[in-house]
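Me: I'd like to learn how to read a structure like this one, feature by feature. Can you walk me through it?

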Amino acid sequence: MAEEGKQPLLNAVQVDPLVHLNRAHAVLYACAILALLYHRLLSMLGAPTHLSFLLFLSLTIADLVFAFKWVLTQAFRWRPVRRREFPERLASVADRKDWPALDVFICTADPYKEPPMTVVNTALSVMGFDYPANKLSVYVSDDGGSQLTLFAFMEAARFARYWLPFCRENGLVDRSPEAYFSSSSATHVLGERCEKIKVLLESSRDADIADNPLPNLIYVSREKRRNYDHHFKAGALNVLIRVSGEMSNAPVVLTLDCDMYSNDPQTPQRALCYLLDHNKNAKLAFVQFPQRFKGINEHDIYGSELKRLFQINPVGMDGFRGPSYVGSGSFFSRCCFHGSTSLLPQQASQPVDSTGSRRINLISSEAVLANAHRVASCSYEHGTKWGYKVGMRYGSLVEDYNTGYRLHCEGWESVFCNPQRPAFLGDVPTNFSDSLNQTKRWCIGLLEVAFSKYCPLSFGCKRASLPMGLHYAHYAFWGLWCIPLSIYAILPQVTLAYGVPLFPKAFEPWWYLYVYLFLAAYAQDLVDFLRAKGTFRQWWNDQRMWMVRGVASYLFGVAEFLLQHVGVPTVGFNVTNKVMDGEQTMLYNNRCFDFGADDSPFFVSLGTVSIVNLTSFIVGLVRGMRQGDILRDVSMQLLISGFVVVNCWPIYEAMAWRRDAGRMPVMVTKASLMLAGAIYSIPYFIL
Ligand SMILES: O=c1ccn([C@@H]2O[C@H](COP(=O)(O)OP(=O)(O)O[C@H]3O[C@H](CO)[C@@H](O)[C@H](O)[C@H]3O)[C@@H](O)[C@H]2O)c(=O)[nH]1
Ligand SMILES: [Mn+2]
C-alpha cells in the first residue's frame with residue numbers, strides 16, 4: 001500500500017459554479033420576504049374588523065412558515081459540491097487481496113408486500129459484486145420470520161453456484177437475475193418466534209461450478225417476543241451488526257433495502273475511493289449512494305423519484321459534513337457504530353484498512369453460531385447503549401435520518417457518491433395511496449426527531465454546525481408544509497367566493513412583490529430540477545405532488561403525530577407494498593392517477609380542496625366579468641385558485657368522467673362535496 005501523503009488521488013471535489021449567483025439571489029429574496037412580512041403587519045394593524053384581522057393573521061402565519069422553510073433550504077444552496085472518484089487508480093493504492101472485507105445487510109419484513117424473489121434477487125445482485133468472494137458476506141434479515149423467504153434463500157444459494165460464474169464469463173453488468181432475464185401460501189408470518197441463523201453459503205467451503213469460492217450468505221431472523229420493543233428496521237440492523245460482528249466482522253458494511261438491487265458490480269470500488277483515502281477516512285462514517293428507482297413512468301406522476309431528497313439536497317449537504325443517511329445504498333465504516341469520534345482515541349476509530357476481518361473460515365462453527373444466537377435474542381440489548389449511543393439509533397420511524405443525524409452530531413462525516421450509472425435500483429410505490437402513506441410515515445418519523453431533545457435547530461446546530469443543523473431541521477419540520485399549503489388551499493378561495501379581497505390590487509407595487517416571490521421561488525426550483533437531469537413535465541408533477549402531500553400526507557402525518565402524543569395508538573412502520581396488480585400497473589403506465597385502491601381519507605381531503613378551488617374560481621370569474629372593477633381587487637385570489645385548478649385536473653377527471661377502476665370512489669366524491677359545502681357555510685356562522 002502506498003505511503004500516507006503519497007497516495008494517488010482517488011477522488012476529487014468541485015464547488016458548484018453557480019454558488020455566487022445563488023447567494024446573491026438569496027440576499028435579494030430575503031429582502032423581499034422582509035418586505036412581505038412588513039406588508040402583512042401593516043394589513044393586520046389596519047384591519048377594520050376582528051374577522052379581517054383573523055384572515056390576515058392566518059395568511060401571516062402561512063407566510064411565516066414559508067419564510068422559515070425558505071431559510072432552512074438556503075443551507076442546501078449555500079455550498080453544493082460535486083464529487084468524482086477514480087476507481088481505476090485503486091490498484092495503485094491497494095492490491096485486490098488487501099481490500100477490506102465487506103458485509104452487506106439486506107432487510108426484509110413482509111413476504112406478501114416484499115416477494116421473497118425480490119429479496120433473493122437483491123442478494124444475488126450483490127453477491128455478483130466485482131469483489132474478492134472470500135471478503136464478501138451477505139446477511140439477510142427477515143423480520144417476517146417467513147418460511148417462504150428462507151426456502152427461497154436456500155434455493156438461491158444453489159442457484160448462485162451457476163449464476164455468478166455465468167455473470168463473470170459473459171461480463172454481465174446487470175447482475176440481478178430478474179433485471180437480466182426480464183426483459184406460495186405455505187407460510188405464515190409468526191407473531192412470536194425464536195431467533196434463527198442459517199449459514200447458507202460459506203466462502204471457505206462452498207464453490208461455484210467453475211470452482212471459484214462463493215461469498216458467505218447468511219440468513220438471520222431475530223428473536224421476537226411480545227412485551228419487547230423491536231424498533232422495526234433499526235432493531236433488525238442492530239442485530240445484523242452484532243451477528244456479523246461475531247462472524248465475518250468486516251470493516252465495511254453496506255446496508256440495502258430488500259428491493260434495492262445492485263445495478264453496477266463496480267460500486268464497492270467507488271466506495272473504496274473514499275474509504276481508503278487517507279486524507280478522509282479517519283472521520284468518514286459512510287459513503288451514501290442516491291436511492292434511484294426503476295419502473296417510474298415517463299412523467300413521474302407521483303413525484304416518486306424524490307429528486308430533491310435523494311439527488312439535489314445531498315449535494316448541498318456534501319459541502320459541509322456530508323449527506324444524510326437514506327437507509328439504503330450506504331457503505332459504512334463499521335467503527336462508526338461503536339461510538340463517537342471525539343470519545344474514542346484515534347486508534348480505536350481506526351480508518352478502514354485492509355485488515356479487520358475475522359477468520360472467515362469459521363463462521364458456521366458451533367461456537368460462532370452460539371454467540372450469534374445470543375446477540376440476536378431480544379433481551380440482549382436490555383440495559384446496553386444499543387440504539388442510543390451505539391449502532392442504528394432508535395426513537396424515530398425514520399431510523400436512517402435519525403442515525404445519520406446523530407453520527408454527524410458526534411463529529412463523523414459522510415460523502416455523496418452519485419455515479420452516472422445508478423449504483424442501485426429500487427421499487428417505488430406506483431400506487432397513489434401507497435405513495436402518500438409512505439411520505440406520511442416519514443413525516444411522522446421526522447417530527448419525532450423535531451420534538452425530541454435532539455431537535456436539529458438546537459442540538460444539531462450546536463453539535464454539528466449551523467448549516468448541518470439547518471439541513472436536518474429542514475427535514476425534521478418537513479410536515480410543517482401542511483400549514484401554509486392548507487391555508488393557501490382554502491382561505492383565498494372561500495373569501496374569493498364571498499367577494500372579499502385579501503391581497504393588493506393588481507399592478508400595485510405590493511402586488512408585484514407577491515408575483516416576484518412566487519415566480520422567483522418556482523423558477524429557482526425549476527432550474528435546480530433541470531440541472532439534476534429532470535424534465536419540465538417531471539418538475540411540474542413534482543410541484544403538484546408537493547401541494548398534494550401538503551393537504552394529504554403532511555396534514556394527516558401531523559395530525560397522527562399529535563394524536564400519538566395524547567396516547568392514541570398508531571400503526572408504526574407500515575411496510576411499503578412492492579407488489580402491483582395488473583390493472584394498477586396499467587393505470588400507472590398510462591400515467592393515470594389511481595384513486596381506486598381504497599377510499600383513503602387522503603382522497604377526501606384532495607377532493608374537497610379541488611372542489612373548493614374550482615367553485616371559487618368560477619364564482620370569482622363570473623362576478624369579476626359582471627362587475628369589472630372587482631377583478632383587480634381579487635386578481636391574486638383568482639390566480640391562486642386558477643393555479644390550483646390546473647393542478648387538480650387529474651382529480652376532476654377522476655371524479656367526473658373516468659369510468660375505469662382507478663376513478664374516484666363515489667363515496668369519496670360525496671364526502672368531499674359535503675365537506676366543501678361545510679367549508680363554504682362557515683362564514684355564515686361567523687357573520
Ligand atoms: O419492521 C421492519 C420494517 C421494515 N423493514 C425493512 O425496511 C426496508 C424499508 O422499508 P419500506 O417499506 O420499503 O420503506 P420505504 O419508505 O420505502 O423506505 C425508506 O424509508 C425508510 C425509513 O422510513 C428507510 O429505512 C428505507 O431505507 C428507505 O428506503 C425494507 O427493506 C423493509 O423490509 C424491516 O426490516 N423491519
Ligand atoms: Mn422501499
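**Reading the core, the domains and the pocket**

Reply: Sure, let's begin with one residue: leaving out residues up to four places away in sequence, I106 touches V119, T122, A123, V138, V140, L256 and C258. Keep in mind that this is a predicted model.

Me: How do I get from one residue to a core, and which residues touch the most other members of the largest nonpolar core?

Reply: The idea is to follow buried nonpolar residues that are joined through their C-beta atoms. Here the largest such core has 95 residues, and F105, I106, A123, V220 and V243 touch the most other members. Helix 4 (residues 147-169) gives this core its largest share, ten residues.

Me: What lies apart from that core?

Reply: Another core, this one of 77 residues, including F76, V398, F556 and V609.

Me: Next, domains. Which stretches belong to which domain?

Reply: Look at the segments, since a domain can be built from separate pieces of the chain. The assignment gives domain 1 as 19-78 + 474-686, and domain 2 as 98-291 + 326-428. Their C-alpha centres are 41 Å apart.

Me: How many residues of each domain are in contact with the other domain?

Reply: On the domain 1 side there are seven, and they meet twelve residues of domain 2. That side of domain 1 splits into four nonpolar residues, two polar and one charged.

Me: Now the ligand. How many residues surround ligand 1, and which are the closest?

Reply: For a pocket, list the shell, then ask where its members come from. Ligand 1 is surrounded by 25 residues, with C107, A109, F232, G327 and T576 the closest. By type, the shell has ten nonpolar residues, eight polar and seven charged.

Me: Which elements each supply at least two residues of that shell?

Reply: Strand 3 (102-108), helix 6 (232-246), helix 10 (399-409) and helix 11 (432-450). Helix 11 gives the largest share, four residues.

Me: Why does ligand 1 lie between domain 1 and domain 2?

Reply: Because both domains give residues to the shell around ligand 1.

Me: What about database annotations? Which residues does UniProt list for "binding site"?

Reply: Treat a record as a pointer, then look at where it lands in the model. The unreviewed UniProt entry lists K233 and D257 under "binding site". They span 25 residues in sequence, but no two of their C-alpha atoms are more than 9.7 Å apart, so they gather at one spot.

Me: Let's take K233: is it buried or exposed?

Reply: Count the C-beta neighbours, with 20 or more inside 10 Å as the cut-off for buried. K233 has 22 C-beta neighbours inside 10 Å, so it counts as buried. It lies in helix 6. Leaving aside neighbours within four places in sequence, K233 is in contact with C107, E399 and F573.

Me: And where is D257 found?

Reply: In strand 7 (residues 252-257). D257 has 27 C-beta neighbours inside 10 Å and therefore counts as buried. Not counting residues up to four places away in sequence, D257 touches C107, G327, S328 and G426. Notice C107 there: K233 also has it as a contact, and C107 is among the closest residues to ligand 1.

Me: Which residues does the "active site" annotation cover?

Reply: D143 and D400, again from an unreviewed UniProt entry. D143 sits in the loop between strand 4 (136-142) and helix 4, while D400 lies in helix 10. With 24 C-beta neighbours inside 10 Å, D143 counts as buried; D400 also has 24 and counts as buried.

Me: What are D143 and D400 in contact with?

Reply: Once neighbours within four places in sequence are set aside, D143 is in contact with C107, T108, A109 and A236. With that exclusion, D400 is in contact with Y325, V326 and G327. C107, A109 and G327 are also listed among the closest residues to ligand 1.

Me: One last case. Is W511 buried or partly exposed?

Reply: Partly exposed, with 16 other C-beta atoms within 10 Å. W511 is in helix 15 (residues 509-531). Apart from neighbours within four places in sequence, W511 is in contact with P504, K505, A506 and M636.

Definitions and conventions. Residues are numbered from 1 along each chain as its sequence is written. Chains are lettered from A and ligands numbered from 1 in the order in which they are written. This is a predicted model: local features need pLDDT of at least 70, side-chain atom pairs count only at pLDDT 80 or more; totals for chains, interfaces and linings use all residues. A residue is near a molecule or strand if its C-beta atom, placed from the backbone, lies within 6 Å of it. Ala, Val, Leu, Ile, Met, Phe, Trp, Tyr, Cys and Pro count as nonpolar, Asp, Glu, Lys and Arg as charged, and the others, Gly among them, as polar. Domain bounds come from an automatic or database domain assignment. Two residues are in contact if their C-beta atoms, placed from the backbone, lie within 7 Å. A nonpolar core is a set of buried Ala, Val, Leu, Ile, Met, Phe, Trp, Tyr and Cys residues joined through C-beta atoms within 7 Å. A residue is buried if 20 or more other C-beta atoms lie within 10 Å of its own, exposed if 12 or fewer, and partly exposed in between; C-beta atoms are placed from the backbone. UniProt positions are given in the numbering used here, feature names are shortened, and annotations may be inferred rather than shown by experiment.
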